[in-house]
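Student: I would like to go through this chain residue by residue. Please show the sequence and the structure, and I will put my questions after that.

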Amino acid sequence: MYTLHIDDLNGTDRDIDTPNWRSRRMVLAKEKVGFSLHETTLRAGTSNDFWYANHVEAVYCVGGKGTLTDKETGEKYQITDGFLYLLDGHEKHHVDVEEEMRMVCVFNPPVTGREVHDENGVYPLIIEED
């Protein structure tokens with residue numbers, strides 16, 4: 001059994017803090033369960049481009065308010081507490097944050113925690129060695 005409290009991640013290598021967002025990675029590839037699980041906070045007033053070309057991501061909003069734009073279709077969705085989106089087609093997307101948003105994110109394949117968004121918002125595919 002694996003347990004932790006989210007605050008135990010503060011200031012560790014699993015706590016990634018950028019000007020637009022903060023991601024605390026609770027479950028990573030090294031746990032070897034086939035997915036990774038993160039709590040990501042998107043800061044109010046920010047505008048964010050993402051594209052997970054190498055991962056499928058499910059995102060569940062547990063607080064805040066914003067707008068999701070599918071950059072491929074132009075379709076817009078209001079994000080509020082209880083809203084989920086699944087990027088099962090590796091969609092390029094944009095998130096405008098009206099009120100700070102707390103998101104629970106699941107990635108498959110799991111991320112290692114060493115990934116960094118490139119200029120296109122893509123995480124490289126890094127495989128955790130045994």
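Student: Is Phe83 buried, partly exposed or exposed, and what is its relative accessible area?

Tutor: The model is predicted, and the values here are computed from it. Buried requires under 20% relative accessible area and exposed requires over 50%. Phe83 falls in between, so the residue is partly exposed, with a relative accessible area of 22%.

Student: How is the ring pair of Phe83 and Tyr85 classed?

Tutor: A pair of aromatic rings is described by the distance of the centres and the angle of the planes. For Phe83 and Tyr85 the centres are 6.4 Å apart and the planes stand at 45°. Planes under 30 degrees apart count as stacked and over 60 as edge-to-face. The angle for Phe83 and Tyr85 meets neither condition, so the pair is tilted.

Student: Which side chains of strand β7 point to the buried face?

Tutor: Strand β7 covers residues 84-87, and its side chains alternate. Leu84 and Leu86 point to one face and are not buried. Tyr85 has a relative accessible area of 9%, so this residue counts as buried. The side chains on the buried face are those of Tyr85 and Leu87.

Student: In which sense do β5 and β7 pair, and which residue stands opposite Leu84?

Tutor: β5 and β7 pair over 4 bridges, and the sense is antiparallel. Opposite Leu84 in β7 stands Tyr60.

Student: How many aromatic pairs does a search of the whole structure find, and which residues do ring pairs link into a cluster?

Tutor: The search of the whole structure gives 3 aromatic pairs. The cluster linked by ring pairs consists of Phe50, Tyr52 and Phe107.

Student: What is the geometry of Tyr52 and Phe107, and how many residues apart are they?

Tutor: The ring centres of Tyr52 and Phe107 are 5.0 Å apart with 80° between the planes, an edge-to-face pair. Both Tyr52 and Phe107 are buried. Tyr52 is in the loop between β4 (47-51) and β5 (56-70), and Phe107 is in strand β8 (residues 92-108). The pair therefore does not stack, since planes over 60 degrees apart count as edge-to-face, and it links distant parts of the chain, 55 residues apart.

Student: Where does the charged end of Lys92 sit?

Tutor: The charged end of Lys92 lies 4.4 Å from a ring centre. The ring it sits over is that of Trp51.

Student: Which backbone atom does the side chain of Glu72 reach?

Tutor: Glu72 is in the loop between β5 and β6 (76-80). Leaving aside residues up to four places away in sequence, Glu72 touches His90, Glu91 and Lys92. Glu72 and His93, 21 residues apart in sequence, are 7.7 Å apart from C-alpha to C-alpha. At 3.1 Å, the side chain of Glu72 reaches the backbone nitrogen of Lys92.

Student: How many disulfides are found, and how far is the sulfur of Cys61 from that of Cys105?

Tutor: A search of the whole structure finds 0 disulfides. Cys61 is buried with a relative accessible area of 0%, and Cys105 is buried at 4%. A disulfide needs the two sulfur atoms within 2.5 Å. For Cys61, the nearest cysteine sulfur is that of Cys105, at 10.0 Å.

Student: How many helices and strands are in the chain, and what share of its residues is buried?

Tutor: The chain contains 0 helices and 8 strands. Of contacts between residues at least 6 apart in sequence, 59% join residues at least 24 apart. Of its 130 residues, the share that counts as buried is 40%.

Conventions. Residues numbered from 1 in each chain as written. Predicted model: local features only at pLDDT ≥ 70, side-chain atom pairs only at ≥ 80, totals over all residues. Heavy atoms only, no water. Buried < 20%, exposed > 50% of the residue type's maximum accessible area, 1.4 Å probe, protein only. Phe/Tyr/Trp six-rings, centres within 6.5 Å; stacked < 30°, edge-to-face > 60°. Helix = DSSP H or I, 4+ residues; strand = E, 2+ residues; numbered from the N terminus. Lys NZ or Arg CZ within 6 Å of the ring centre and 35° of its normal. Contact = heavy atoms within 4.5 Å. Polar contact = N/O pair within 3.5 Å; in protein donor to acceptor, adjacent residues only side chain to side chain. Pairing = 2+ DSSP bridges.
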